[in-house]
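Let's walk through this protein together, from the overall picture down to a few odd spots in the backbone. Keep the structure open and follow along.

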Amino acid sequence: MMPFLPRSRRLLSIALSVFICAVIAACSTDIPNSTLNPNSQFGRDIDRLFDWLLLGGAIVFTIVEVGVLFTIILFRRRGGKGGKPRQVYGNATLEITWTLIPAAVLAFIAVPTVRTIFKYRPENVPADALQVQVIGHQWWWEFRYPELGVVTANELVLPVGRTANFALTSKDVIHSFWIPSMAGKRDVIANRTNHIYFKPDSAYAWNGFCAEFCGTSHANMRFKVFTVSPAAFDAWVAHQKTGPRFGDGPDSSVAGAGNVGAVAAPLTLAGFTNGKRPAHLVPSTPIPKGLAIANVTGDATRGAQLYKTGACIACHVVQGVSPGIVGPNLTHFGSRTTLASALYPNDPRHLALWIKDAPAMKPGSLMPALGRSARTPAGYTDQQVADIAAYLLALK
Ligand code: HEC
Ligand SMILES: [Cu+2]
């Protein structure tokens with residue numbers, strides 16, 4: 001039998017393994033959700049502040065620890081000599097010193113911090129910035145580009161090299177807008193407009209989050225950010241400004257693509273086709289237990305009819321079709337890569353399950369269950385749900 005390692009060796013080997021794990025983790029390059037991998041000047045400025053504070057903290061920590069260890073060792077109780085140590089009360093010099101040192105440390109922290117805060121005041125936004133309105137809802141994000149006449153949800157598209165200036169408000173409770181790899185967080189509050197702006201400096205796709213607890217599905221309130229070339233952005237805007245493409249162009253040929261057994265739809269956004277999308281873009285939320293739908297193929301033409309005559313029109317906008325005011329704009333829903341604020345991939349199966357029972361797919365969701373089940377016997381049949389899903393996916 002192997003002899004047990006002595007205690008000190010065991011502790012050393014644990015410390016070493018932790019250290020090695022940390023070093024290996026630091027080598028990872030695909031870290032899309034990290035503030036330590038900034039992709040805008042604002043993000044880099046915050047990151048530099050963090051580096052300085054970490055360095056300063058490390059220096060203070062080292063000085064204090066050395067002092068503590070020194071005192072412990074030098075003034076330890078030695079064998080034979082017993083009794084109380086000498087008691088010292090009140091030492092003005094010491095007290096003034098240990099007040100002044102932290103004050104100096106705070107000043108050292110405050111100067112660069114306040115300077116960075118002021119650098120990014122709303123007044124300093126460049127005149128040519130792209131204006132984007134962000135409206136937080138329980139539990140999804142509405143994005144409006146007022147100058148461009150574009151409204152979308154849960155997927156933000158931004159041009160590289162141009163400052164995007166966000167005006168943030170909420171329809172209900174307090175949320176917080178956060179794209180870790182771009183900039184800091186900013187609260188999203190009703191009856192108030194907060195601002196944040198930054199200039200993305202590389203083309204890629206990123207994850208965004210709600211960073212303020214806002215209710216049951218707070219953790220499910222995510223979004224995607226696509227930073228694309230100015231030309232790709234212009235093309236995206238031109239496309240968004242058109243009405244839904246269903247029935248008036250080649251895209252209507254995808255009508256038959258609505259098999260709810262299918263897992264992946266051939267989606268494209270800014271060049272991120274399914275095959276090429278980085279892993280962090282594809283949501284991996286499991287389908288809740290007990291939720292199922294028959295393996296049927298949806299028909300988009302029938303779906304269009306059902307949509308136009310159904311409850312959907314009260315809550316959703318499809319430009320020229322329905323004027324709803326509660327839920328996300330669905331005009332170009334088929335060109336989005338994700339569903340339900342980036343919780344699921346946008347494919348026929350997930351979409352059909354969503355329409356069938358949204359509150360099961362997303363706890364607390366304010367979209368009611370619309371498919372037939374024991375709870376909702378008057379709901380749409382699985383075939384009807386698949387038809388509606390095929391219609392929405394055809395809205396490129
Ligand atoms: C009572 C209002 C209401 C009705 C009726 C309703 N929805 Fe919704 N819908 C919502 C809300 C609110 C959300 C956002 C839910 C969330 O993400 O938490 C939503 C989300 C969605 C989404 C996801 C959008 C996205 O950007 O990811 C789709 C798709 C959708 N609804 C389709 C439908 C269809 C199809 C119908 C009709 C069969 C329908 N909805 C009926 C309120 C409604
Ligand atoms: Cu939120």
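A word on confidence to begin with: pLDDT is the predictor's confidence in each residue, on a scale from 0 to 100. For this protein the mean pLDDT is 87, and 89% of the residues reach 70 or more. Two stretches do much worse. Over residues 248-257 the pLDDT stays under 50, and the model has 18 contacts there beyond four places in sequence; a contact means that two C-beta atoms, placed from the backbone, lie within 7 Å. Residues 262-267 are also below 50, with 17 contacts in the model beyond near neighbours in sequence.

Some bookkeeping: this is a predicted model, where local features need pLDDT of at least 70 and side-chain atom pairs count only at pLDDT 80 or more, while totals for chains, interfaces and linings use all residues. Residues are numbered from 1 along each chain as its sequence is written, and chains are lettered from A and ligands numbered from 1 in the order in which they are written.

Now zoom out. The protein has 9 helices and 16 strands; these are DSSP runs numbered from the N terminus, with helices being H or I over at least four residues and strands E over at least two. Of its 396 residues, 34% count as buried. Buried here means that 20 or more other C-beta atoms lie within 10 Å of the residue's own, exposed means 12 or fewer, and partly exposed is in between, with C-beta atoms placed from the backbone. Among contacts between residues at least 6 apart in sequence, 71% join residues at least 24 apart.

Where should you look for the middle of things? Try helix α9, residues 382-394. Its 13 residues reach 18 Å from first C-alpha to last, close to the 18 Å expected (1.5 Å times one less than the number of residues). Because 11 of those 13 residues are buried, α9 is largely enclosed by the rest of the structure. The largest nonpolar core has 70 residues, and Val-134, Ala-389 and Leu-392 touch the most other members. Helix α9 gives the most to this core, with 9 residues. Domain 1 (124-232) and domain 2 (250-394) both contribute residues, so the core lies between them. A nonpolar core is a set of buried Ala, Val, Leu, Ile, Met, Phe, Trp, Tyr and Cys residues joined through C-beta atoms within 7 Å, and the domain bounds come from an automatic or database domain assignment.

Leu-392 makes a handy link to another helix. Not counting residues up to four places away in sequence, Leu-392 touches Leu-330, Phe-333, Gly-334 and Leu-351. Leu-351 is one of the buried residues of α7, a helix (residues 348-356) with 9 of its 9 residues buried.

For contrast, go to Lys-119 in helix α3 (residues 92-119). Lys-119 is exposed, with 11 other C-beta atoms within 10 Å. Its C-alpha is 9.2 Å from that of Phe-42, 77 residues away along the chain.

Finally, the backbone oddities. A cis peptide bond joins Gln-138 and Trp-139, with omega about 0°; Trp-139 sits in the loop between β1 (130-137) and β2. Strands β2 and β3 then form a hairpin with 4 residues between them, and Gly-149 in the turn has a positive phi of about 70°. Ser-341 has a positive phi of about 50° although it is not a glycine, and Ala-342 has one of about 60°.

Terms used. Two strands pair if DSSP finds at least two bridges between them.
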